[in-house]
Amino acid sequence: ARRPRYGGTLRVELQSAEDAERRAASLQFETLVRIDEKGEPRPVLATSWIHDAARHRWVFALRRSVMLHSGAAWELPPGGVMTFEDSRPIEDVLRDLAQPRKAIVVHTPDGKTVGTGPFRIASEQAGRSIVLEANDAYWGGRPYLDRIEIRAGRSPREQALDIELGRADVVELPLADVRRQQQDARVLVTQPCRTLALVVESSRGDAERVRDALALSIDRRAIN
């Protein structure tokens with residue numbers, strides 16, 4: 001009874017249409033790599049990567065036998081690799097490639113955009129709703145869910161009412177309402193975020209050198 005079962009629809013409600021589009025895109029389009037919860041790079045559409053230090057070039061081996069949402073095979077470049085010329089440290093390169101804006105998007109001859117992700121668009125009403133259906137040919141295995149319905153433009157009051165009446169499975173909850181939420185509901189609270197800015201001022205005109213020295217002394221990987 002505790003094992004996952006195939007089938008079913010997940011109904012999600014959000015206030016922002018932009019958030020809905022972003023979450024839907026993350027399920028349709030994939031990046032070459034991703035950064036896991038421990039800050040470590042993990043392969044996605046790239047299976048491995050090597051560095052040609054002499055030429056400041058990174059070579060990424062691409063995953064084979066990947067199908068697009070259109071049903072066509074993902075056409076790989078010659079040799080099945082992508083190369084990037086970049087002199088930055090590998091941590092910075094991989095973190096940049098893991099950003100959603102670096103996702104692989106393929107344009108079909110009829111002008112549509114398709115991806116390789118576990119879900120694909122079934123229907124969409126701009127600014128109101130997006131329906132995603134499982135990609136049966138997904139290289140990582142078919143998702144357990146059949147569909148994901150994302151509704152946008154729903155106020156906190158509407159979301160609270162819909163989840164209470166069983167018309168939604170996942171909603172946003174204002175922080176002030178967390179303690180008033182039903183006991184049988186599962187509540188996930190995001191961690192607080194704090195931005196610290198270090199302003200370097202120097203009367204000797206070496207502020208840039210001081211900033212560079214500080215940047216080299218901070219272990220961003222450990223902080224992450």
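Trainee: Which element gives the most to the lining of the largest cavity?

Mentor: That is α1, with three residues. Please keep in mind that we are looking at a predicted model. As a general idea, rolling a probe the size of a water molecule over the atoms shows where empty space is left. Here, a search of the whole structure turns up one cavity of 30 Å³ or more.

Trainee: What volume does the largest cavity have, and which residues line it?

Mentor: Its volume is about 60 Å³. The lining is made by A17, A20, E21, E124, Q125, A126, G127, R128, S129, I130 and A152. Three elements, α1, β9 and β10, each give two or more residues to this lining.

Trainee: How many residues of that lining are nonpolar, polar or charged?

Mentor: Sorted by class, there are five nonpolar, three polar and three charged residues around the largest cavity.

Trainee: Now for the pockets. How much space lies in the largest pocket?

Mentor: The largest pocket holds about 960 Å³ of space. Its lining counts 26 residues, and R23, V170, V171, E172 and L188 are the closest to its centre. The elements that supply two or more residues to this lining are β1, α1 and β11.

Trainee: Which element gives the most to the lining of the largest pocket?

Mentor: Once again the answer is α1, with three residues. By class, the lining of the largest pocket divides into 19 nonpolar, three polar and four charged residues.

Trainee: And what is the volume of the second largest pocket?

Mentor: The second largest pocket has about 320 Å³. Of the 15 residues that line this pocket, A25, S26, F29, T31 and P100 lie nearest its centre. The lining divides into eight nonpolar, two polar and five charged residues.

Trainee: Let us turn to the sheets. How should I read a strand order?

Mentor: Start with the general idea: strands of a sheet pair through backbone hydrogen bonds, either parallel or antiparallel. In this structure, one open sheet has four strands in the order β1-β11-β10-β9, and its pairing is mixed. The edges are held by β1 (9-13) and β9 (119-125), each with a single partner strand, so one side of each has no neighbour in the sheet. On average, neighbouring strands of this sheet are turned by 15 degrees against each other, direction ignored.

Trainee: What packs on that sheet?

Mentor: Helix α1 (residues 17-28) does, touching β9, β10 (129-134) and β11. The direction of α1 makes about 15 degrees with that of β10.

Trainee: How many bridges join β1 to β11?

Mentor: Five bridges do, and these two strands run parallel, with β11 covering residues 147-151. For a pair to look at on screen, find R11, which stands opposite E149 in β11.

Trainee: In what order do the strands of the three-stranded sheet run?

Mentor: This open sheet reads β4-β5-β6, with antiparallel pairing. Why does one side of β4 and of β6 lack a neighbour? Both β4 (46-52) and β6 (81-85) stand at the edges with a single partner strand each, so one side of each is left free of a neighbour in the sheet. Neighbouring strands in this sheet are turned by 20 degrees against each other on average, direction ignored.

Trainee: Which residues stand opposite each other in β4 and β5?

Mentor: β4 and β5 (residues 57-62) pair in the antiparallel sense over six bridges. A46 stands opposite L62 in β5, and I50 stands opposite V59 in β5. Helix α2 (residues 90-97) packs on this sheet, touching β4, β5 and β6, and its direction makes about 45 degrees with that of β5.

Trainee: How many bridges join β5 to β6?

Mentor: Five bridges join them, and the two strands run antiparallel. W58 has F84 in β6 as its bridge partner.

Trainee: Finally, how do I read the overall form of the chain?

Mentor: Begin with the elements: the protein chain has five helices and eleven strands. Then take the radius of gyration: a compact globule of 224 residues would have one near 17 Å, but this chain has 22 Å. Along the principal axes, the C-alpha atoms fill a box of roughly 65 × 50 × 40 Å.

Key: Residues numbered from 1 in each chain as written. Predicted model: local features only at pLDDT ≥ 70, side-chain atom pairs only at ≥ 80, totals over all residues. Heavy atoms only, no water. Pairing = 2+ DSSP bridges. Axes fitted to C-alpha atoms, helices over the stretch in contact; angles between N-to-C directions. Contact = heavy atoms within 4.5 Å. 1 Å grid on protein atoms, 1.4 Å probe; cavity = no way out; pocket = protein on both sides within 12 Å on 5 of 7 lines; lining within 4 Å. Points joined across faces, edges and corners; volume = space filled by probe spheres on them. Nonpolar A, V, L, I, M, F, W, Y, C, P; charged D, E, K, R; others polar. Rg over C-alpha atoms; globule rule 2.2 N^0.38 Å.
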